[in-house]
Amino acid sequence: MSCILNIETSTKVCSVAVSQDGACIFSKEDRDGPNHAVVLGTFVAEAMSFADSHAIPLDAVAVSCGPGSYTGLRIGVSMAKGVCFGQDLKLLSVPTLQLMAVPVLLRETVEEGALLCPMLDARRMEVYSAVYDRALREVRGVGADIVDADTYREYLDRGKVYFFGEGAEKCKGVIDHPNACFIDGIKPLAKWMMPLAERKMALGECEDVAYFVPFYLKDFVAKESKKLL
């Protein structure tokens with residue numbers, strides 16, 4: 001098994017964790033942000049010092065790759081790439097919405113056939129969301145949705161759909177389908193990246209450290225490029 005430094009900065013919360021052999025052995029969180037530029041470097045230094053003091057060599061750095069805050073993702077990815085270059089480590093990217101589903105699957109009873117819909121707040125009634133099954137297979141890819149009563153009806157008509165994340169709070173009064181379930185308190189945190197990062201490591205799904213950019217940045221650049229055409 002691998003030892004991985006996990007970095008999550010896609011929202012106002014900044015978090016860093018170290019995972020080894022399927023367990024989280026170090027975790028730091030700052031929920032008073034956004035303070036990423038202030039606290040991330042300290043958190044990473046403490047995490048690497050912890051691993052070094054326990055004679056645990058790091059094998060890779062995993063970073064949340066979006067969607068999420070432009071500034072937060074930029075800071076997190078820059079830090080991850082810097083550590084990878086400096087320590088000659090592999091770089092792994094973990095989709096933010098997918099990692100948000102990990103604590104739901106670990107803590108909640110999600111019935112057979114139910115779907116998971118993590119949501120990040122965008123603006124007004126817009127959210128970034130995706131739809132996954134219980135095996136975290138993508139049923140519908142990441143999209144920027146303007147939420148009304150019918151936005152997710154095709155999935156709700158099939159059965160239970162669990163909505164969670166900071167974007168789900170503002171949707172409670174809009175999505176009134178009887179199959180809609182809302183879970184509070186779910187945030188993307190580095191400690192939940194472990195199973196997804198370790199799976200990518202095992203499959204050899206590493207990023208090119210020099211050229212990797214997160215989802216939001218690629219999306220942003222594509223939109224800006226179209227404006228220039």
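This is a chat between a student and an author about a predicted model of a protein structure.

Reader: Let's start with sheets. What's the strand order in the open sheet that has E1 in it?

Author: The order is E3-E2-E1-E4-E5, five strands with mixed pairing. At the edges are E3 (23–30) and E5 (90–94), and each of these pairs on one side only. On average, neighbouring strands of this sheet are turned by 20° against each other, direction ignored.

Reader: Mixed pairing, ok. Which sense does E1 take with E2, parallel or antiparallel?

Author: Antiparallel, over six bridges, with E2 covering residues 14–20. A hairpin of five residues makes the connection from E1 to E2. As an example of who faces whom, Ile-7 stands opposite Val-16 in E2.

Reader: And which sense for E1 with E4?

Author: That pair is parallel, with four bridges, and E4 is residues 60–64. Here Leu-5 stands opposite Val-61, and Ile-4 has Ala-60 as its bridge partner.

Reader: What holds paired strands together in general?

Author: Strands of a sheet pair through backbone hydrogen bonds, in either the parallel or the antiparallel sense.

Reader: Back to E1: how many of its residues are buried?

Author: Six of six, over residues 3–8. Cys-3, Leu-5 and Ile-7 point one way, while Ile-4, Asn-6 and Glu-8 point the other way, and all of them are buried.

Reader: Why would they swap sides like that?

Author: In a regular strand the side chains alternate between the two faces of the sheet.

Reader: Nice. Which helices sit on this sheet?

Author: H1 lies across E1, E2 and E3, and runs at about 155° to E3. H5 packs on the sheet too, touching E1, E2, E3, E4 and E5, and its direction makes about 130° with that of E5.

Reader: Is there anything to look at in H1? Where is His-36, and is it buried or exposed?

Author: His-36 lies in H1, which covers residues 36–53. His-36 has a relative accessible area of 5%, so it is buried.

Reader: What does it touch?

Author: Leaving aside neighbours within four places in sequence, His-36 is in contact with Thr-9, Thr-11, Lys-12, Val-13, Cys-14, Gly-72 and Ile-75. A polar atom of the His-36 side chain lies 2.7 Å from the backbone oxygen of Thr-11.

Reader: Gly-72 and Ile-75, which helix are those in?

Author: Both are among the buried residues of H2. Others on that list include Leu-73, Gly-76, Val-77 and Ala-80.

Reader: How does the span of H2 compare with what you'd expect?

Author: It agrees: H2 has 18 residues, 70–87, which at 1.5 Å a residue should span 26 Å, and its end C-alpha atoms are 26 Å apart. Just after H2, Asp-88 takes a positive phi of about 60°.

Reader: Switching topic: how many disulfides are there?

Author: Zero.

Reader: Why doesn't Cys-3 make one?

Author: The closest cysteine sulfur to that of Cys-3 is in Cys-24, 10 Å away, so it is too far for a bond. Cys-3 is buried, at 2% relative accessibility.

Reader: And why not Cys-206?

Author: Because its sulfur is 9.1 Å from the closest cysteine sulfur, in Cys-84, and that is too far for a bond. Cys-206 is partly exposed, with a relative accessible area of 32%.

Reader: What about the sheet with E6 in it, what's the order there?

Author: E8-E7-E6-E9-E10, an open sheet of five strands with mixed pairing. E8 (138–146) and E10 are the edges with a single partner strand each, so one side of each has no neighbour in the sheet. Neighbouring strands in this sheet are turned by 20° on average, direction ignored.

Reader: How do E6 and E9 run?

Author: They run parallel, joined by four bridges, with E6 at residues 115–123 and E9 at 161–164. Leu-115 has Val-161 as its bridge partner in E9. H3 (residues 96–107) packs on this sheet, touching E6, E7, E8, E9 and E10, and its direction makes about 130° with that of E6.

Reader: Last one: where's Gly-185, and is it buried or exposed?

Author: Gly-185 is in the loop between E10 (180–183) and H5 (194–203). With a relative accessible area of 64%, Gly-185 is exposed. Its C-alpha is 7.0 Å from that of Gly-165, and the two are 20 residues apart in sequence.

Notes:
Residues are numbered from 1 along each chain as its sequence is written. This is a predicted model: local features need pLDDT of at least 70, side-chain atom pairs count only at pLDDT 80 or more; totals for chains, interfaces and linings use all residues. Side-chain values use heavy atoms; hydrogens and water are left out. Helices (H or I, at least four residues) and strands (E, at least two) are DSSP runs, numbered from the N terminus. Buried means under 20% relative accessible area, exposed over 50%, partly exposed in between (1.4 Å probe, protein chains only). The expected span of a helix is 1.5 Å times one less than its number of residues. Two strands pair if DSSP finds at least two bridges between them. A polar contact is a pair of N or O atoms within 3.5 Å; within protein, one must be able to donate a hydrogen and the other to accept it, and residues adjacent in sequence count only if both atoms are side-chain atoms. Contact means heavy atoms within 4.5 Å. A disulfide is a pair of cysteine sulfur atoms within 2.5 Å. Axes are lines fitted to C-alpha atoms, for helices over the stretch in contact, and angles run from 0 to 180 degrees between N-to-C directions.
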